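Student: Please take a close look at one single part of this model. Please then set that part within the chain as a whole.

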Amino acid sequence: MTVPTTTAPRHVVEVTAHGADPTGLRDSSPAVRDAIAAARRAGGPVTIRFAPGTYAFRASSAVRRELYVSNTVGADPRYREKAVGILLEGFDDVEIDGSGALFEYHGRQTTIAVIDCGRAELHHFAVDMVQPTVVEVTVRETGVDGGRPFRLLSVPPGTDVRPHGRTVTWQGETDPAGGDPAWSGEGALDYCQVLDPRVGRTWRTECPLFEQVERVTATSGGLRVDYRADAPVPDDEGLVYQLRHTDRDHPGVFVLESGYARFRDVRFGYLHGFGLLAQSGGDLLVQNCVFATREGTGRTTAGFADFVQASGLSGRVVVEDCRFDGAHDDAINVHGLYLRVDRVAGDELELSYPHPETAGFPQFAAGERCEIVRVDDGTVVATDVEVLGVDGPSGRDHAHDLTRMRVRCAGPLPDAVAASAPGELAVENITRTPAVTVQRSTFLNLPTRGVLVSTRKPVLIEDCVFSGLGMAGVLITCEAGSYWESGPVADCTIRGNRFEDLGGPAVQISPPRFPATGRSVHRGIRVLGNHVSNCAPWPHEGDGDGDGDGDGDGGGDRSGAEAGHWVVDATSVDGLVVIDNTAAAGSLSARLDHCPGAEVSAGSGSPVRVSPAGVAGAADAAGLSAGVRRQNRS
């Protein structure tokens with residue numbers, strides 16, 4: 001691929017020359033801030049270089065910015081201000097050369113932000129949080145003592161846990177500047193997922209550790225929990241419970257309205273709040289990066305939520321040669337946004353952000369183009385509509401209503417738009433949709449999916465490994481009315497990947513709303529030459545009802561997955577192609593619903609059993625019942 005370069009001479013700024021401490025004993029935040037200021041004064045292309053070592057960044061001395069970030073805390077005024085450890089802002093061409101250094105973060109903060117930059121290259125360093133905001137508890141031993149069940153629990157080094165009575169208090173790191181812990185909580189906190197390291201599977205569930213407790217006491221390695229005599233005897237020895245609060249108050253890394261940002265050879269050991277999130281910009285490249293805990297930490301969680309998310313980019317998203325291991329949500333999510341149409345007045349649309357996790361930033365600009373759809377079924381009522389002007393939030397302050405905006409369009413708008421009822425329609429910015437390439441990457445120990453894509457520009461997912469995920473390997477959806485993440489996929493190739501031991505199909509295409517007749521939501525999707533092994537809903541507690549179907553409704557419908565090699569579950573796709581895929585043994589399973597013109601065949605691969613029967617081009621349409629339930633996004 002082409003990487004833009006410049007031939008102009010580069011200025012080099014050494015952070016140690018400004019007082020940064022490579023021993024990690026002193027807070028380097030002020031010194032690195034001074035080095036960045038010197039780099040800005042230098043002008044032209046500039047490299048900010050770290051000497052090898054460890055650099056500490058404390059939240060109490062971080063830069064503060066009011067920022068509004070997709071998929072986090074929305075317009076909640078408690079979280080307007082973000083603490084940023086390293087802020088690169090307004091550079092035309094800037095580079096961070098980490099020289100293999102470790103950046104250690106103390107307290108809740110965004111590790112690095114790239115804002116309003118033309119070109120940013122960041123490489124050869126590691127990022128970690130000294131005391132993460134996810135608590136990890138391993139069940140070391142279970143049994144019965146004196147007629148009472150018990151668990152012996154261990155926690156990673158540095159975990160601050162304080163037993164009292166029948167529960168415990170967890171505390172984050174205390175900042176010496178203020179004396180208060182970065183965070184705190186009781187017992188099971190607000191969210192739980194479980195890793196079984198013996199089989200490499202992670203799923204969402206309720207936490208049983210602090211239920212029916214008689215007493216909790218400290219031990220040399222962690223905790224002993226004794227339960228009431230009538231409590232069930234635990235059978236979860238060896239499992240790792242991962243507990244946390246649910247407010248995504250910071251993006252872990254934030255790229256905002258920048259033309260080109262490239263991360264390469266970076267180790268992300270833990271990202272608080274969210275992952276690497278790029279919003280409303282051009283190109284994002286993530287190459288040869290590892291999203292996983294560092295050896296020796298005793299931890300298994302590297303991400304509070306998603307690992308990489310792109311929201312409203314207009315250029316390219318390229319992820320190559322990366323490893324994603326141990327997040328609390330999806331590894332990669334590339335999408336735009338739908339805004340709800342609340343009122344139509346001539347050529348002006350009054351819009352709102354309906355999802356509580358997303359608000360406060362501009363979603364349209366003059367000269368961009370949009371598409372208007374019906375919320376109830378995704379039918380397009382107007383497309384390629386030019387935006388002439390916008391009155392809305394800035395993303396940098398709260399002077400404007402954070403959830404509402406007005407967009408003036410090049411009229412006249414179609415009658416179906418003019419006559420619509422409030423909330424009947426949604427609008428997507430089709431200019432801010434990127435091309436996506438994901439290659440040669442590995443996805444492990446995730447409770448949800450590996451890759452989500454919702455973009456009409458070309459998508460290629462190739463030569464990757466998806467193993468042990470709780471849901472589908474790849475999810476394609478289109479969610480006006482639910483998560484409000486857009487939009488339809490028009491050109492997607494998924495080829496040469498290995499999907500194994502998933503709690504859902506290899507590829508799931510499931511718009512929650514779609515037209516019953518006429519054009520499908522998606523088109524041009526090809527699933528070619530992939531290897532599929534044991535991809536079907538596997539029973540676990542993570543769906544909230546124990547039926548193993550991942551939807552939390554107790555239905556337990558496992559249609560299309562009996563063979564354990566579920567290659568595709570597809571809804572509302574024109575011209576779907578599924579050929580040359582192989583199974584470890586036996587046949588593949590596929591389920592199609594409203595997929596006109598589908599070509600599903602073995603080619604040189606394994607036989608494919610299709611549900612419902614009678615799909616044109618199916619090699620073997622025998623005997624699978626219809627109606628596999630779509631798994632929830634959460």
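Tutor: C370 is buried, with a relative accessible area of 1%; buried stands for under 20%, exposed for over 50%, and partly exposed for values in between (1.4 Å probe, protein chains only). The model is predicted: local features need pLDDT of at least 70, side-chain atom pairs count only at pLDDT 80 or more, and totals for chains, interfaces and linings use all residues. Residues are numbered from 1 along each chain as its sequence is written, and side-chain values use heavy atoms, with hydrogens and water left out.

The cysteine sulfur closest to that of C370 belongs to C409, at 4.7 Å, which is too far for a bond. A disulfide is a covalent bond between the sulfur atoms of two cysteines; here the criterion is a pair of cysteine sulfur atoms within 2.5 Å. By this criterion, the structure contains zero disulfides. C289 takes part in none, and the nearest cysteine sulfur, that of C322, lies 4.9 Å away. C289 is likewise buried, its relative accessible area being 0%.

The chain around these cysteines holds two helices and 53 strands; both are DSSP runs numbered from the N terminus, helices being H or I of at least four residues and strands E of at least two. One open sheet has seven strands in the order β16-β15-β19-β10-β11-β18-β17, paired in the antiparallel sense, where pairing requires at least two DSSP bridges between two strands. Its edge strands, β16 (201-204) and β17 (213-218), each pair on one side only. On average, neighbouring strands of this sheet are turned by 25° against each other, direction ignored; the axes are lines fitted to C-alpha atoms, for helices over the stretch in contact, with angles from 0 to 180 degrees between N-to-C directions. At one edge, five bridges join β17 to β18 (residues 222-227) in an antiparallel pair, and R215 stands opposite D226 of β18.

Buried residues account for 59% of the 634 in the chain. The radius of gyration, taken over C-alpha atoms, is 25 Å, which agrees with a value near 26 Å for a compact globule of 634 residues; that rule is 2.2 Å times the number of residues to the power 0.38. Of the contacts between residues at least 6 apart in sequence, 70% join residues at least 24 apart, a contact being heavy atoms within 4.5 Å.
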